[in-house]
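Open the model in a viewer and follow the stops below in order. Each stop says what to select and what is found there.

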Amino acid sequence: MLISYYGQKKALRLNFRKAVLFVVIVGVSLSSLAPGGVSAQQARAARQTSAKRALSHQDYDAWRSIQGQQLSRDGKLLAYSLIPQDGDGEIVVRNLATGREWRHGRGWRRPVAPPSDPEAAVAAFQSGGRATRPEFSADSRYLFFTIEPDKGDVLKATKEKKRPEEMPGNALGIMDLATGQVTRIERVKGFQVPEDGSGYIAYQLEAKVEERKPEDKKDEKASEPGDQESSDQARGQRGGAAAQAQGAGARGPRKEYGTDLILRNLATGAERTFAEALDYSFSKDAKTLLYTVSSKKEENNALYAVTPGVDSAPVGLLTGKGKYSRLTWDEDQTQMAFVSDRDDAASKQPKFKVYHWDRKSSSANEIISTERSGIRAGYVVSERGGLNFSRDGSRLFLGIAPAPEPEKDPEEATPADEKVLVDLWHWKDDFIQPMQRVRAAQERNRSYRAVYHINDGKFVALADETMQNVNPASDGRWAIGTDDRPWRRLVGVDANYSDVYLVDTADGSRRELLKKQQMNPSWSTNGKYMLFYDGKDWNTISIPNGRKTNLTANLAVKFWREDHDSPNTPSPYGSAGWTKDDRHVLLYDQYDIWQVSADGSGAKNLTDGIGRKEKIEFRYVRLDPEERGIDQSKPLLLRANNDWSKDTGFYRDRIDGGMPEKLIMLPKSLGNPTKAKAADVVMLTASRFDEYPDIHVTDLNFKSLKKVSDAGKQMDQFTWGKAELVRFKNMDGVDLSGILIKPDNFDPQKKYPMMVYIYEKLSDGLHRFVNPSPGTSINAAFYASNGYLVFMPDIVYTIGYPGHSALKCVLPAVQAVVDQGFVKEDAIGIQGHSWGGYQIAYMVTQTNRFRAAAPGALVGNMTSAYSGIRWGTGLPRQFQYERTQSRIGGSIWEYPMRFIENSPIFNAHRIQTPILMLHNDQDDAVPWYQGIEYYLALRRLEKEVYMFNYNGEFHGLRRRQNQKDYTRRLQEFFDHFLKGAPKPAWMESGIPFIEREKDQEKYRAKVESKK
């Protein structure tokens, strides 16, 4: 039976009278109210708020965020980038003692959607981080930063259709920190600063502007995208021939040539130029600069070493035709290794060799080659494989791979119109075809780890097709090997499992240690022990004898997540790491840290049970990023999160020491601290929902926090909101919390519309600051600024009944707020995306509590979604329903009724709530036919439903113009139903396909006119 709006209200008050025993609103003191109901403090706040205005969608672009913050080595200076969402940014440098600041423009970065490929997305993120992060010289006398072109210059050049090489380029900024004067060097593609040495910087210039050759223009024309109609037809065919055909004609990478590399003396400004440099590496001590040459005259190619401050010519460590790459130092930087195909450069598929250079030597020596080292027949040194030294420098690890097939002569290739593109889905395949397609590049580039024992001159292959992954200990003596082949068919249905082996790097022999292990083991600091979690307890394996010891079975607490409510193996709370001597490992329970002997001989609660007693979660803070094991002689800094109040702070404790010492606890979110390398100065952010995360500095005692950035001033012109906790019980009597955000100048005597946003547990974000920005979901800051209450309740689950579990949490949570008397009951909306979207789609079939709902990327029919594909990973969706988020607990043939009962589409006829959906045709997580099924059901039933599909978009909106468009339409939808605003034209009459571009122009013009 559908719960009616007023019937539900009455039922909740009757049925939940015992369940909702209390509603605690943190931070509200009734005693502070004056007899008239308004405190003096509220009156003052009202006057201050009246001078402010609400956030608008036009405010997003200029909103600035602090990025790439850095402390100088001596802790006296702070530098960071201040970057707007879409505009020109600046570099800020502050003297922490005097407060003096210097600022300099750093240009504009066009908002670009991240790649759909996870590895490419990570690379793009890291690249962007490097570009926005300034770097200090080791002596704290200079600051170096990238200056990108200003927005106006880029847009002007784009409008003039400048060629890529004629577009404005990046520059290098060098700031003298004694004066603030900036030296600007144009068209710099990258730079390196020595980590420990001073006095020099190396930077590389972009290629010189040259007239393009005719073949370049031909290539550009060939790469132009197809017409719109073709794109529309291919849309949604992620797993079929269209996707494969797109990659079939892809060209291989072009040969990359070097450009000018400049070594600059910072004191004198004198520079040396090294032509045609491709790759380069500065030693930490600034005494050696290495660079490779990739010349159009191949005989000039080489690897050179330069000594800064010495005018002598570069020393050729290895010279001749071919490629030189993967310059790799050991930890102490006494030696380095690299790969080159110099001796086989004339071949169609040249073979690489590994070379070694002792820093005291004048040349590099060949150490590994296909011919000399006993590499398996048919295998070669992989240029793409990792190259790294063991910590003591005695072993060099590298990658080997099957020799690639020679490139085919284009003249002999099969014409495109004669090719057959077909996939065979075989029932015995380890991985289904979509997974194989997603992983194809990874498989083509796969290499297998091997080791070269430098002192013995001995090469040993460690990994191969039967054991693809090998993880050496820090000293390289032993390694962990994993083989997932017996369990691959469980991927996408169950979990990922592997058999675990101990690998002897001296001869490559293997010994099985664990069977069907789900979570990867890890090494102790010095490789004496292997640590693994078995789904319930932590265990060690002694190396090399293989003795297994359960560390936690006899301890009186759980080390797996106690709030786990999914039908799969619970994850552990984690580990802080090992002590330097490998004697102890520090393990987390829900609240405390345990100091456990590696051999199982003893354990103690390092935090003395204070965490569990006071509901404080303690976690170790690693202040030294280069830490090699936890130093038992030094105090430990612990992050503290109060599970009840959400206060955060820091404590200090010691291994084998006394009680933890509280340093600071605040009703804020304190960010992870970063320590200056050579001073006891720490920087971190401090924020609340209504407090911008500005940078603060303190010492290791945290006696006081000094704010040293002022980006939060941009809030001063806007009304905002304040966040507080609401306590409630769900229908099963479970104590839960939710975040309630009230608008500035909140008046408890008034009635407010309320937006509800859901996912799973959200209350830990009480103090999270929300930047106003467009996106896939509602922006809490924007809605609170515009007069809405925003409520985010926690949800817990009963296995087998995810939809009803959400209903049993959300309805009493909403009622707990309504009972406070300030919610306009006929103006409650709800929004969520993905899993949140599914829960909303289900709940509106059971209740009409919500005046309007906007579920995004929802699953409407679990019976059809169950055997779908997550196109982003290629995984079957079955595992999600059986074992993870959907929480059904078994297969569709085991629990057919659970799949039906939890599927919104089977009760679509009961929906009375207007629905706005978002589901994009390239959704790589939830196939968009799920949105279509739900939409078509509601349309057939003549329910009020709207569905936006942003062509070519993925699971969440990535293109900024689409984010802005949907954010505005989402507000228009809720403003209409919750505030009584007029219906926008798109709700009134739709957008016919043939008029969509014209409609968008009108809509954009209307928005622009409001600026």
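Begin with the whole protein in cartoon view: this predicted model has 20 helices and 55 strands. Colour by burial next. The protein has 1011 residues, and 52% of them count as buried. Switch to a surface view, where about 47400 Å² is exposed, with 48% of that area supplied by carbon and sulfur atoms. Contacts can be drawn as lines. Among those with a separation of 6 or more, 58% are between residues 24 or more positions apart.

**Stop 1: helix 12**

Select residues 802–818, which make up helix 12. What distance lies between its end C-alpha atoms? They are 24 Å apart, and this agrees with the 24 Å expected for 17 residues at 1.5 Å a residue. Now show what surrounds the helix. Of its 17 residues, 16 are buried, so helix 12 is largely enclosed by the rest of the structure.

**Stop 2: the nonpolar cores**

Select Trp720, Tyr783, Leu916, Phe973 and Phe974. These are the residues with the most contacts inside the largest nonpolar core, a set of 59 residues. Which helix gives the most to this core? Helix 18, residues 960–979, contributes six residues. A separate second core has 56 residues, including Ile795, Leu811, Ile830 and Val945.

Stay with Phe974 and display its contacts. With neighbours within four places in sequence set aside, its partners include Met755, Tyr783, Tyr788, Ile830 and Lys979. The run Ala852, Ala853 and Ala854 also touches Phe974, as do Gly829 and Gln831.

Keep Phe973 and Phe974 selected and add Tyr946, Phe948, Tyr950, Tyr966, Phe977 and Trp986. Ring pairs link these residues into a cluster.

**Stop 3: more aromatic pairs**

The count of aromatic pairs in the model is 36. One of them is formed by Tyr692 and Phe769, an edge-to-face pair with 5.3 Å from centre to centre and 65° between the planes. Tyr692 is in strand 44 (residues 691–698), while Phe769 is in the loop between strand 48 (752–757) and helix 11 (780–785), so the pair ties together parts 77 residues apart in sequence. Tyr692 is buried, with a relative accessible area of 4%. Phe769 also counts as buried, at 9% relative accessibility.

Move on to Phe746 and Tyr752, which form a stacked pair: the centres are 5.2 Å apart and the angle between the planes is 25°. Phe746 is buried at 14% relative accessibility, and Tyr752 is buried at 7%.

**Stop 4: charges over rings**

Select Arg439 and Phe431. The charged end of Arg439 sits over the Phe431 ring, 4.7 Å from the ring centre. Then select Arg477 and Trp478. Here Arg477 lies over the face of Trp478, and the distance to the ring centre is 4.3 Å.

**Stop 5: backbone details**

Select Ile543 and Pro544. The peptide bond that joins them is cis, with omega about 10°. Pro544 is in the loop between strand 31 (538–542) and strand 32 (548–550).

Next, select Lys615, in the loop between helix 10 (610–614) and strand 37 (616–620). Its phi is near 55°, a positive value in a residue other than glycine. Is Lys615 buried or partly exposed? Lys615 is partly exposed, with a relative accessible area of 37%.

Go from there to Arg887, in the loop between helix 15 (878–882) and helix 16 (896–901). Arg887 has a positive phi as well, near 60°. With a relative accessible area of 3%, Arg887 is buried.

**Stop 6: Gly837**

Finish at Gly837, in helix 13 (residues 835–843). Gly837 counts as buried, at 0% relative accessibility. Add Pro855 to the selection and draw a distance between the two C-alpha atoms. How far apart are the C-alpha atoms of Gly837 and Pro855? They are separated by 3.9 Å, although the residues are 18 residues apart along the chain. Other residues that Gly837 touches, not counting those up to four places away in sequence, are Gly832, Gly856 and Leu858.

Note on methods
Residues are numbered from 1 along each chain as its sequence is written. This is a predicted model: local features need pLDDT of at least 70, side-chain atom pairs count only at pLDDT 80 or more; totals for chains, interfaces and linings use all residues. Side-chain values use heavy atoms; hydrogens and water are left out. Helices (H or I, at least four residues) and strands (E, at least two) are DSSP runs, numbered from the N terminus. Buried means under 20% relative accessible area, exposed over 50%, partly exposed in between (1.4 Å probe, protein chains only). Contact means heavy atoms within 4.5 Å. Accessible areas come from the Shrake-Rupley method with a 1.4 Å probe; for residues, only the protein chains shown count as cover. The expected span of a helix is 1.5 Å times one less than its number of residues. A nonpolar core is a set of buried Ala, Val, Leu, Ile, Met, Phe, Trp, Tyr and Cys residues joined through side-chain atoms within 4.5 Å. Rings of Phe, Tyr and Trp (its six-membered ring) pair if their centres lie within 6.5 Å; planes under 30 degrees apart count as stacked, over 60 as edge-to-face and the rest as tilted. A charge sits over a ring if NZ of Lys or CZ of Arg is within 6 Å of the ring centre and within 35 degrees of the ring normal.
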